[in-house]
Amino acid sequence: MRPEETFDFQIRKGWISLSKMYNELVQPHGITTSVGFALLNIDVKKGTPSTALGPKMGMEPTSLSRMLKSMEQQGLVFKEANPEDKRSVLIKLTDEGIHKRDLSREAVIRFNQAVFDKVGSAESEKFFETLEKIQSVSRAMRETKEELL
């Protein structure tokens, strides 16, 4: 089987293409795709507990901590004690963070609309069904620790 005939190759290739496109769109605004994704996952009004942000983004705590520190230094976010649980911290957006979030949101909306316009409703629905099935297989294999090799 050639690499381009595998699901994981095509998913990875697609993700790299998306990442490059988004990085080119947001670079003039001084952020990266990862930062834009983080901004989109922070609740604008209430903030988001730092412990909830990593799982939402699929990031390890160490990587997330580094990125949040950088975002704090850029003036995009700030930390605040969680009034409901003093042991945790809320990540909140600054005015600049909200502005950059809005730019990121617009880029995502524009891209998704362009794809939808190109592939239509039926293909979009089938795409999401197929990806859910792929994720289901991946979850099942992780849960059963099925041997791949």
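**Helix α2, the nonpolar core and the pockets**

In helix α2, the buried residues are Thr33, Val35, Gly36, Ala38 and Leu39. These buried positions pack against α1, α3, α4, β2 (77-82), β3 and α5. The model is predicted, and the description below starts from this helix before turning to the core, the pockets and the chain as a whole.

Thr33 is placed in helix α2. Its relative accessibility is 14%, and because the limit for a buried residue is under 20%, Thr33 counts as buried. Leaving aside residues up to four places away in sequence, Thr33 touches Ser19, Tyr22, Asn23 and Val26. An α-helix has 3.6 residues a turn, so residues three or four places apart point the same way.

Gly30, in the loop between α1 and α2, offers a contrasting case. Its relative accessible area is 51%, and because exposed means over 50%, Gly30 is classed as exposed. Gly30 nevertheless has contacts with Gln74 and Lys100, not counting residues up to four places away in sequence. Lys100 is 70 residues from Gly30 along the chain, and the C-alpha atoms of the two are separated by 8.9 Å.

Two of the buried residues of α2, Val35 and Leu39, also belong to the largest nonpolar core. This core has 16 residues, and those with the most contacts inside it are Val35, Leu39, Ile42, Met67, Met71, Leu76 and Val77. Two or more residues come from each of α2, α3 (50-57), α4 (61-73) and β3 (85-93), with α4 giving the most, four residues. Met71 illustrates how the core is joined: beyond residues up to four places away in sequence, Met71 touches Val35, Ala38, Leu39, Ile42, Leu76 and Val77. In soluble globular proteins, nonpolar side chains tend to be buried together.

The pockets come next. Rolling a probe the size of a water molecule over the atoms shows where empty space is left. The largest pocket has a volume of about 1400 Å³. It is lined by 35 residues, of which Trp15, Leu18, Phe111, Phe127 and Leu131 are the closest to its centre. The elements that give two or more residues to this lining are α1 (7-26), α2 (33-40) and α5 (95-144); α5 gives the most, with 16 residues. By class, the lining of the largest pocket has 19 nonpolar, 15 polar and one charged residues.

The second largest pocket has a volume of about 310 Å³. Among the residues that line it are Phe7, Asp8 and Ile11, together with Leu131, Lys133, Arg139 and Arg142. Two or more lining residues come from each of α1 and α5, and the largest share, eight residues, comes from α5. The lining of this second pocket has five nonpolar, three polar and four charged residues. Leu131 lines this pocket and is also one of the residues closest to the centre of the largest pocket.

These details fit into the following overall arrangement. The protein chain has five helices and three strands, which follow the pattern α-α-β-α-α-β-β-α along the sequence. Its C-alpha trace spans about 50 × 40 × 25 Å along the principal axes. Of the 149 residues, 24% count as buried. The chain exposes about 11000 Å², with carbon and sulfur atoms supplying 57% of this area. Among contacts with a separation of 6 or more, 49% are between residues 24 or more positions apart.

Terms used: Residues are numbered from 1 along each chain as its sequence is written. This is a predicted model: local features need pLDDT of at least 70, side-chain atom pairs count only at pLDDT 80 or more; totals for chains, interfaces and linings use all residues. Side-chain values use heavy atoms; hydrogens and water are left out. On a 1 Å grid over the protein atoms alone, a cavity is a set of points where a 1.4 Å probe fits but cannot get out, and a pocket is an open set with protein on both sides within 12 Å along at least five of seven lines; lining residues have an atom within 4 Å of a point. Grid points are joined across faces, edges and corners, and a volume is the space filled by probe spheres set on the points. Ala, Val, Leu, Ile, Met, Phe, Trp, Tyr, Cys and Pro count as nonpolar, Asp, Glu, Lys and Arg as charged, and the others, Gly among them, as polar. A nonpolar core is a set of buried Ala, Val, Leu, Ile, Met, Phe, Trp, Tyr and Cys residues joined through side-chain atoms within 4.5 Å. Buried means under 20% relative accessible area, exposed over 50%, partly exposed in between (1.4 Å probe, protein chains only). Contact means heavy atoms within 4.5 Å. Accessible areas come from the Shrake-Rupley method with a 1.4 Å probe; for residues, only the protein chains shown count as cover.
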